[in-house]
Amino acid sequence: MQYRFFKPLSTRKITHRPLKKIKNALISVYYKEGLEKVLTKLNDLGIQMYSTGGTYDFIKQQGFEATTIESVTSYPSILGGRVKTLHPKVFGGILARRDNPGDQQHVSAYELPLFDLVIVDLYPFEETISNTNDASEIIEKIDIGGISLIRAAAKNFKDVLVVPASSMYDELIELLDKNQGVSTIDDRQYFAAQAFNVSSHYDTLIFNWVNPGSISAFKQSLTKENTLRYGENPHQKGLYFGNLDEVFEQLHGKAISYNNLLDLDAAINLISDFKETTFAIIKHNNACGLASRNNLTDAWNDALAGDPVSAFGGVLVTNKSIDAVTAEEINKIFFEIIIAPDYDTDALEILKSKKNRIILKKKAYNFPDHQFRSLLNGALLQEKDRITEKPEDLKNATKLAPTNDQIEDLLFANKIVKHTKSNTIVLVKNKQLVGSGTGQTSRVDALRQAIDKARAFKLPLEGAVMASDAFFPFADSVEIADKAGIKAVIQPGGSIRDTDSVDYCNAHGMSMVFTGIRHFKH
């Protein structure tokens with residue numbers, strides 16, 4: 001797989017003269033914005049223009065001469081415009097190899113016009129599926145003639161320059177200006193690569209829309225490129241493909257980095273599971289502080305109290321608008337990013353006091369139901385973990401049932417567990433994260449880490465609850481938790497030795513509930 005920062009060079013051997021003078025241009029575009037500048041340049045260079053339908057009408061309206069494709073093919077546009085350019089004379093004029101004697105004999109015999117430049121802007125399929133669910137309207141935006149023109153011209157890049165989208169008009173004009181209507185093989189290969197990028201993206205979108213799910217294939221296409229300062233480390237180059245403007249608006253600060261994006265993904269996924277006024281602090285994709293309160297300032301202060309050391313340089317996320325009082329408190333520490341639904345004017349001015357601080361306004365966005373990652377020589381694809389347990393999902397495993405307050409804390413803790421790297425244990429009291437063990441190789445190690453953190457910051461564990469992302473294979477974890485003062489436990493259950501943990505809880509006045517759902521995160 002090649003990405004642009006590797007700057008691949010062509011290794012193909014071209015056996016004919018690489019410079020090509022553009023004499024004839026075939027133009028077929030959906031959107032006409034920006035086309036007038038191209039037409040002016042083509043006209044100035046004396047390039048003959050061929051076109052059809054609405055594009056031909058537009059060319060004439062601008063005062064330029066053009067030849068209709070219908071006059072070349074002796075065939076009208078038919079089927080309501082579904083067939084206009086699909087004709088041997090058109091595609092023969094694009095695909096004919098200039099250095100192939102047999103092809104040139106056919107050019108003469110069938111009077112094929114040789115097209116040196118093909119300009120296409122496809123029907124807006126991607127835009128259409130974003131704006132409507134009307135299948136008939138969507139189907140009519142599946143371009144057939146245009147995509148065929150692009151592929152034909154790109155295939156014959158030895159002889160033909162192809163412009164596959166209106167976004168490339170400026171590059172075309174620059175090329176025409178620089179070389180006065182002459183293109184090099186490097187120019188044509190670059191534009192051909194862009195053409196296949198456009199066509200493959202277009203076909204991927206169509207496949208994913210048409211496929212009812214019965215065809216098993218992994219196809220993703222993201223063409224909007226964001227160059228990052230570097231990858232996970234400074235010696236690694238990094239790119240992000242996707243439209244971040246759909247997810248948030250950057251109001252202030254430096255460019256977002258690779259690691260920032262990983263933390264933002266974790267932050268947005270986590271906060272989406274909380275409805276109450278909640279503040280969370282993310283560090284290396286895990287919550288190091290989190291609290292829900294009636295007041296946003298209180299939520300911030302209690303989230304920070306959970307681990308004020310790890311909060312340094314962290315990513316802050318909340319589900320409520322930031323007010324000035326809260327902003328004053330937040331501004332007392334160093335952090336990299338804050339993301340919230342909105343900011344009061346005074347709050348924004350306070351937070352902007354640090355020039356590099358990244359301030360983001362989160363937008364409403366429906367994220368995909370699946371996630372994937374590259375691995376070995378392929379990709380892993382899975383459904384997202386969308387399950388968030390409710391009181392009715394809990395099954396009492398012990399004689400003693402948890403109180404209503406404990407149930408609230410257990411569910412609160414289980415939300416955090418779901419978004420924390422495995423193996424993990426989360427400790428919560430009064431809807432405040434008081435300790436967590438993250439990414440440990442054993443559940444006991446995760447629990448000990450969580451307890452040690454709580455004690456280091458003098459957070460009370462007596463009466464706290466414990467959540468585990470997976471079952472307890474032995475009773476050692478609940479025994480350690482009991483001795484630390486923890487009185488209620490939530491876990492998936494499912495171990496062949498569940499009774500060991502249950503029996504210990506029954507013998508020591510602890511309550512335990514099973515969810516039946518494991519929340520591993522790797």
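**Salt bridges, enclosed space and surface**

Lys483 and Glu479 are separated by about one helical turn, because the two residues stand four residues apart in helix α17. The structure described here is a predicted model. Between the two side chains a salt bridge is formed, in which the closest N and O atoms are 3.0 Å apart. Helix α17, in which Glu479 is found, comprises residues 476-484. The two partners may be set side by side in terms of accessibility. Lys483 has a relative accessibility of 62% and therefore counts as exposed, since the term applies over 50%. Glu479, at 31% relative accessibility, counts as partly exposed, because this value lies between the limits of 20% and 50%. Glu479 was also examined in relation to Tyr504, a residue 25 positions away along the chain. The C-alpha atoms of Glu479 and Tyr504 are separated by 7.2 Å.

The pair in helix α17 belongs to a wider set of contacts. In total, 20 salt bridges were counted in the model. One of them joins the side chains of Arg386 and Asp369, with an N to O distance of 3.3 Å. This pair links distant parts of the chain, its members being 17 residues apart. Arg386 lies in the loop between β17 (378-383) and β18 (395-396), whereas Asp369 lies in the loop between β15 (358-362) and β16 (370-375). With a relative accessible area of 46%, Arg386 is partly exposed. A further salt bridge is made by the side chains of Asp302 and Arg293, with 2.7 Å from N to O. Asp302, at 23% relative accessibility, also counts as partly exposed, because the buried class is confined to values under 20%. In addition, a network of salt bridges links Glu276, Glu408 and Lys431.

Space within the structure was considered next. Rolling a probe the size of a water molecule over the atoms shows where empty space is left. One cavity of 30 Å³ or more was counted. The volume of the largest cavity is about 30 Å³. The residues that line the largest cavity are Ala287, Cys288, Gly306, Asp307, Leu433, Val434, Gly435, Ser436 and Lys453. Two elements, β12 (286-292) and β20 (433-437), give two or more residues each to this lining. The largest share comes from β20, which supplies four residues. Sorted by class, the lining of the largest cavity consists of four nonpolar, three polar and two charged residues.

Attention then turned to the second largest pocket. The space in the second largest pocket amounts to about 470 Å³. A total of 27 residues line the second largest pocket, and Gly81, Arg82, Lys84, Tyr123 and Asp143 are the closest to its centre. Several elements take part in this lining: β2 (24-29), α2 (53-61), β5 (117-121) and α8 (145-155) each contribute at least two residues. By class, the lining of the second largest pocket includes 11 nonpolar residues, 10 polar residues and six charged residues.

On the surface, a nonpolar patch of about 310 Å² is made by Tyr75, Ile78 and Leu79. Leu79 is located in the loop between α3 (69-73) and α4 (88-95). The relative accessible area of Leu79 is 61%, so the residue is classed as exposed, the cut-off for this class being over 50%.

Two strand residues provide examples of the opposite condition. Val317 lies in strand β13, which covers residues 314-318. Its relative accessible area is 1%, and Val317 is therefore buried, the limit for that class being under 20%. Val317 and Ile517 are 200 residues apart along the chain, and their C-alpha atoms are separated by 26 Å. Ala340 is placed in strand β14 (residues 335-340). Ala340 is likewise buried, because its relative accessible area is 0%. The C-alpha atoms of Ala340 and Ser374 are separated by 30 Å, the two residues being 34 residues apart along the chain.

Methods:
Residues numbered from 1 in each chain as written. Predicted model: local features only at pLDDT ≥ 70, side-chain atom pairs only at ≥ 80, totals over all residues. Heavy atoms only, no water. Patch = residues over 30% accessible without salt bridge, like charges linked within 9 Å, V, L, I, M, F, W, Y side chains within 5 Å. Areas by Shrake-Rupley, 256 points an atom, 1.4 Å probe, with all protein chains shown as cover. Salt bridge = Lys/Arg side-chain N within 4 Å of Asp/Glu carboxyl O. Buried < 20%, exposed > 50% of the residue type's maximum accessible area, 1.4 Å probe, protein only. 1 Å grid on protein atoms, 1.4 Å probe; cavity = no way out; pocket = protein on both sides within 12 Å on 5 of 7 lines; lining within 4 Å. Points joined across faces, edges and corners; volume = space filled by probe spheres on them. Nonpolar A, V, L, I, M, F, W, Y, C, P; charged D, E, K, R; others polar.
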